[in-house]
Amino acid sequence: MVDVILGLQWGDEGKGKIVDYFAPNYDIIARFQGGPNAGHTLYVEGQKMVLHQIPSGIFHQNKINIIGGGVVLDPVTLKKECDKVAAFGIDVKKNLFISERTNIIVPTHRALDKASELQKGEGKIGSTLKGIGPAYMDKTGRNAIRAGDLLDKSFISNYIKLRLKHQKLLDNFNFIEDISLWEEEFFEALEFLRTLNIVNGEYFINNKIAEGKKVLAEGAQGSMLDIDFGTFPFVTSSNTISAGVCTGLGVSPKQINDVLGVTKAYCTRVGSGPFPTELEDATGEELRKTGNEFGATTGRPRRCGWIDLVALKYACMINGVTKVVMTKADVLDAFENLAVCTAYNVNGKETSEVPFQMNKLAIDPVLSFFKGWNKNTSAIKDAAELPTNMSTYINYINSFIGAPIKYVSNGPEREQIIQL
Ligand code: GDP
Ligand code: IMO
Ligand code: MG
């Protein structure tokens, strides 16, 4: 049986905290897509940790954490992260597994990401520059090196072939930065990677499922950044939606049970691209300040706005969401008035659907307004104690999106969550 936790917006919904919270109920926690573009924050013994490659179940002793074949893996980031995790007494050699099919991010992928963004200029995607797009291009282009290849003698000749191919592309971009230092740490990290458990991921997971073990699949990014269904071309390069769990882990759709979708009580986006409810005013600034909305991976300020129910309903539909977790509700505590977007006005016509090529349209959000609750909710443990105005806000969203909001997160710490 596989349950899924994934983001319903443009990423950074608080997936890391939520996976960490639910991890005790599972035997295996599995990342199924994305790479070090992800930054998943959780608190361990009061200390903030940001995970980029390792699943967010790693801090629970005796849980299996696996990086699935749908992930792109940067060995350098992984090594650094393993060192951090080891400082908490976690034995990654025992608890962490990597699928042989996981595609490796090489230094020239990062260089290509940077070169491509520079060439795009104003039209850049706003990539995290971690090499994600180029790495997935080599996967679909059938050139990639995968974790299983590390144990193969042909590895180095394949690496050189790929490196030469990338060099030609970099020359076309007039990219002249020296990446020899990146290569040095890359090869060092590969040695470390070879000492970890590299397994046949699909048999590994399916055998565990057959034994009755429970799997929690952890998504990265968010549904609106999905390569197929997001705000293309301002998206990431993988399937972030629930369908990605099957291709990313090698499990059948029949195994998928609950799909828990995580949404903030408002909305953020980091990087370029359409964001109909964005607030480029003092209210947006207040959301950013109160919510501490700065990227966990790049430190960039996140763009902030009201919750977009058109996009949220769409995300629930394409993911088959069974339960919704609303995070950062506490961030709205001091707002006098709130708004939610219930439709898009495109050229004077209202639509309740996410249009094709949102980036080419001038979209005015149609807003409904709510009174704030003006109360500190961060210590509340019981749903009965939620302020009436907060319940009204939650219930409205609940009925609009047609998926039940079952949990409200009211702070960054593990225990700050209320079951409805
Ligand atoms: P992820 O990428 O989806 O895991 O989310 P990030 O870690 O990038 O960003 C979420 C941020 O919000 C982190 O700094 C979390 O510590 C924080 N956070 C998560 N849930 C809550 C919450 O309910 N309230 C508040 N105030 N902060 C939260
Ligand atoms: P988590 O898992 C928020 C955004 C980037 C950029 C676009 C493409 O922490 O929610 P990429 O590096 O993938 O080529 O960037 O996607 N992006 C994210 N935004 N959270 C993330 O991950 C993101 N991963 C990528 O900012 O707009
Ligand atoms: Mg994040």
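Start by colouring the chain by burial: 56% of its 420 residues are buried. Buried means under 20% relative accessible area, exposed means over 50%, and partly exposed is in between, with a 1.4 Å probe and protein chains only. What you have open is a predicted model, where local features need pLDDT of at least 70, side-chain atom pairs count only at pLDDT 80 or more, and totals for chains, interfaces and linings use all residues. Residues are numbered from 1 along each chain as its sequence is written, chains are lettered from A and ligands numbered from 1 in the order in which they are written, and side-chain values use heavy atoms, with hydrogens and water left out.

**The whole chain**

Zoom out and switch to cartoon. You should find 12 helices and 20 strands. These are DSSP runs numbered from the N terminus: helices are H or I with at least four residues, strands are E with at least two. The C-alpha atoms fill a box of roughly 65 × 50 × 40 Å along the principal axes. A compact globule of 420 residues would have a radius of gyration near 22 Å, and the chain agrees because it has 21 Å. That radius is taken over C-alpha atoms, and the globule rule is 2.2 Å times the number of residues to the power 0.38.

Now show the surface. About 17,700 Å² is exposed, and carbon and sulfur atoms supply 50% of it. The areas come from the Shrake-Rupley method with a 1.4 Å probe, and for residues only the protein chains shown count as cover.

How far apart in sequence are the residues that touch? Among contacts (heavy atoms within 4.5 Å) between residues at least 6 apart, 76% join residues at least 24 apart.

**Stop 1: the magnesium ion**

Select ligand 3, the magnesium ion. Which residues hold it? Asp12 (OD) and Gly39 (O) coordinate the ion at 2.0 to 2.2 Å. Asp12 sits in the loop between β1 (2–7) and α1 (15–22), and Gly39 in the loop between β2 (28–31) and β3 (40–44), so the pair ties together parts that are 27 residues apart in sequence. Donors here are N, O and S atoms within 2.8 Å of the metal (3.2 Å for Na, K and Ca); water is not among the atoms, so sites may look incomplete. Asp12 is partly exposed at 21% relative accessible area, whereas Gly39 is buried at 11%.

Next, select helix α1. Of its 8 residues, 7 are buried: Lys15, Gly16, Lys17, Ile18, Val19, Asp20 and Phe22.

**Stop 2: Ile105**

Pick Ile105, in the loop between β8 (103–104) and α4 (107–120). Is this residue buried or exposed? Ile105 is buried, at 1% relative accessibility. Show what surrounds it: beyond neighbours within four places in sequence, the contacts of Ile105 include Pro36, Val72, Leu73, Lys130 and Phe186. For a distance to try, Ile105 and Thr236 are 131 residues apart in sequence and 15 Å apart in space, C-alpha to C-alpha.

**Stop 3: backbone oddities**

Most residues other than glycine have a negative phi, and most peptide bonds are trans. Go to the bond from Phe232 to Pro233, which is cis, with omega near 5 degrees. Pro233 is in the loop between β10 (215–218) and α9 (243–249).

Then try Leu129, whose phi is positive, near 65 degrees. Leu129 lies in the loop between α4 and α5 (132–140) and is partly exposed at 37% relative accessible area. Lys328 also has a positive phi, near 55 degrees; look for Lys328 in the loop between β15 (323–327) and β16 (337–346).

**Stop 4: two glutamates**

Select Glu184 in helix α7 (residues 180–194). Glu184 is exposed, with 54% relative accessibility. Draw a line to Pro107: the two are 77 residues apart in sequence and 9.6 Å apart in space, C-alpha to C-alpha.

Finish at Glu278, in the loop between β12 (267–269) and α10 (282–290). Glu278 is partly exposed, at 22%. Which residues does Glu278 touch, leaving aside neighbours within four places in sequence? They are Arg303, Cys304 and Gly305. Last, draw a line from Glu278 to Ala30: their C-alpha atoms are separated by 32 Å, with their positions 248 residues apart along the chain.
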